[in-house]
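Let's take a walk through this structure together, starting from a single residue and working outward. Keep the model open beside you as you read.

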Amino acid sequence: MEWFHPDPYILVLTGAGFLIALVAWLPLALRRLPLSLPIVCIGLGAALFSLPQVGLDPSPLAYPDITERFTEFVVIIALMGAGLKLDRVFGIRRWQVAWRLILVTMPLGILAITVLLGTLAGLPWIVALLLGAVLAPTDPVLAADVQVGPPKGGEEDEVRFGLTAEAGLNDGAAFPFVNLAIVLAAAGTGEPWAAKWLGYHVLWEIGAGVAGGYLIGRAFGWLTFRIPAETKLAQTGDGLIALAATFISYGLTEMIHSYGFLSVFVTALTFRHAHRSHDFHREMHDVTEQVERLAMMVLLLLFGGALANGLLGALVWTDIVAALVILLVIRPVTGLIGLAGLKATGSEKLTIAFFGIRGVGSFYYLAYGLNSMEIDGADRLWAIVGLVVVISVFLHGLTVTPLMRLLDRSHGRDPDAEGVPPPGLQGPGAGEDVSRKAS
């Protein structure tokens with residue numbers, strides 16, 4: 001039509017309006033359906049970028065630096081939100097489900113995926129190791145439906161706590177293995193790698209990341225809740241403080257070459273511990289959640305567009321088999337091995353082991369790895385990771401609502417009840433008064 005010639009800027013504004021409306025409305029509409037927000041986003045992205053009028057291929061291969069930075073941004077926001085909403089007091093015994101998943105399940109997963117891709121898929125062993133580190137961690141962004149609710153929300157049973165704490169910790173814990181692949185690739189040029197990897201990428205980057213995150217969390221906790229003045233940050237009532245803590249924690253620790261992902265999560269835990277019962281935590285969590293959901297939807301729309309433009313075109317049949325084995329065999333088996341002996345029911349262990357959701361974190365690690373080392377066949381690596389994420393999004397997205405509702409009912413909770421917090425499970429941290437004020 002002659003009269004319909006909208007300016008591209010106006011189209012962007014209109015599309016952004018629809019996107020924000022969907023961010024607000026879709027979670028409520030999908031609450032009782034066996035369908036997830038990521039599934040809808042990927043579908044919308046595939047439909048949108050299939051239109052000939054769009055004329056853009058948002059492939060990560062075409063925009064490697066943007067892909068790394070955008071996925072990095074989404075992950076750090078999710079990590080701050082995950083740390084703020086955990087009610088359980090940090091401790092070795094109280095957090096044993098998380099330690100099992102980080103120290104047993106994830107390394108076993110990296111090893112198993114490396115062997116699988118090096119044998120069945122025929123990838124070079126260094127590349128297989130990189131993908132093992134990329135695909136073993138669970139995702140803090142796409143796992144909202146299996147995580148705990150907002151601060152003091154009363155939704156912290158062992159399953160939800162375990163999956164939230166795992167997603168918060170393992171993005172940082174997987175980084176040494178990504179860097180191991182990078183230093184091994186450089187070792188082919190004669191550069192010594194063992195001392196550099198262990199001393200720098202493991203001891204220094206983990207230690208400095210944890211220490212930096214703790215100090216920054218303490219500083220923000222004092223400024224927000226403890227400073228003896230009316231100028232304390234909690235008086236602002238502005239949840240944007242959480243974004244400030246996120247960016248400062250990530251930025252400062254990255255400046256000293258440590259693991260910023262780990263630092264952000266530790267900052268969030270320390271920040272929350274400064275005054276566990278304060279309502280301001282809910283305001284900060286709500287801001288991070290809204291920013292995270294909006295950024296996640298944009299990213300998944302682009303991912304759907306990349307799929308529609310042939311992101312999976314480089315796959316061979318062994319890659320498809322490997323992707324299914326990673327999600328249906330390796331994660332559940334390594335998860336159950338890690339949880340062996342945990343004081344929890346069989347259904348709880350199975351649920352935790354099954355919901356090893358892969359997503360935005362895997363995109364970041366692959367983009368980071370490819371931007372840091374010379375690898376042939378990057379299109380196939382993106383196809384493998386993209387396939388694993390697609391299968392995970394649909395497999396876990398279609399099953400999360402019925403399985404979590406079934407789990408709630410098995411523990412005497414009504415998933416349809418409004419304002420009735422679940423009683424939680426008997427186990428580490430259960431029955432603990434996590435809402436007490438810090439002394």
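**A guided walk through the model**

Start at Ser 263, which you will find in helix H10, the stretch covering residues 260-273. Keep in mind along the way that the model is predicted. Is Ser 263 buried or exposed? Its relative accessible area is 0%, and because buried means under 20%, Ser 263 counts as buried.

What does Ser 263 touch, once its neighbours within four places in sequence are left aside? The contacts are Gly 209, Gly 212, Gly 213, Ser 249 and Thr 253. Ser 249 deserves a second look, since its side chain is joined to that of Ser 263 by a polar contact of 2.8 Å.

Now let's turn to the charged residues. How many salt bridges does the count come to? The count is seven, and we can visit some of them here. One pairs Arg 160 with Asp 157, with 2.7 Å between the closest N and O atoms. Both partners have little accessible area by the cut-off used here: Arg 160 is buried because its relative accessible area is 9%, under the 20% limit. Asp 157 is buried too, at 2% relative accessibility.

The next bridge joins Glu 166 to Arg 331, and here the closest N and O atoms are 2.7 Å apart. Glu 166 belongs to helix H6 (residues 158-173) and Arg 331 to helix H12 (residues 317-339), so this pair ties together parts that are 165 residues apart in sequence. Glu 166 and Arg 331 are both buried.

Arg 282 and Asp 286 make another salt bridge, with the closest N and O atoms 3.3 Å apart. Where do these two residues lie? Both are in helix H11 (residues 280-308), four residues from each other, which is about one turn of the helix. Arg 282 has 39% relative accessibility and counts as partly exposed. Asp 286 is likewise partly exposed, with a relative accessible area of 27%.

With those pairs in mind, step back to the whole chain. Its secondary structure comes to 15 helices and zero strands. Of the 439 residues in the protein chain, 53% are buried. Look next at contacts between residues at least 6 apart in sequence: 82% of them join residues at least 24 apart. The bridge between Glu 166 and Arg 331 gave us a pair 165 residues apart.

Finally, come out to the surface. The accessible surface of the protein chain is about 18,800 Å², and 67% of that belongs to carbon and sulfur atoms. Which residues make the nonpolar surface patch of about 730 Å²? They are Leu 103, Val 104, Leu 108, Ile 320, Leu 324, Leu 328, Val 329, Val 333 and Ile 337. Helix H4 (96-119) and H12 each supply at least two residues of this patch, and the largest share, six residues, comes from H12.

End the walk at one of these patch residues, Ile 337, which has its place in helix H12. Ile 337 is partly exposed because its relative accessibility is 46%, a value between the 20% and 50% limits. Helix H12 therefore appears twice on our route: it holds Arg 331, the partner of Glu 166, and it supplies six residues of the nonpolar patch.

Technical notes
Residues numbered from 1 in each chain as written. Predicted model: local features only at pLDDT ≥ 70, side-chain atom pairs only at ≥ 80, totals over all residues. Heavy atoms only, no water. Buried < 20%, exposed > 50% of the residue type's maximum accessible area, 1.4 Å probe, protein only. Polar contact = N/O pair within 3.5 Å; in protein donor to acceptor, adjacent residues only side chain to side chain. Contact = heavy atoms within 4.5 Å. Salt bridge = Lys/Arg side-chain N within 4 Å of Asp/Glu carboxyl O. Areas by Shrake-Rupley, 256 points an atom, 1.4 Å probe, with all protein chains shown as cover. Patch = residues over 30% accessible without salt bridge, like charges linked within 9 Å, V, L, I, M, F, W, Y side chains within 5 Å.
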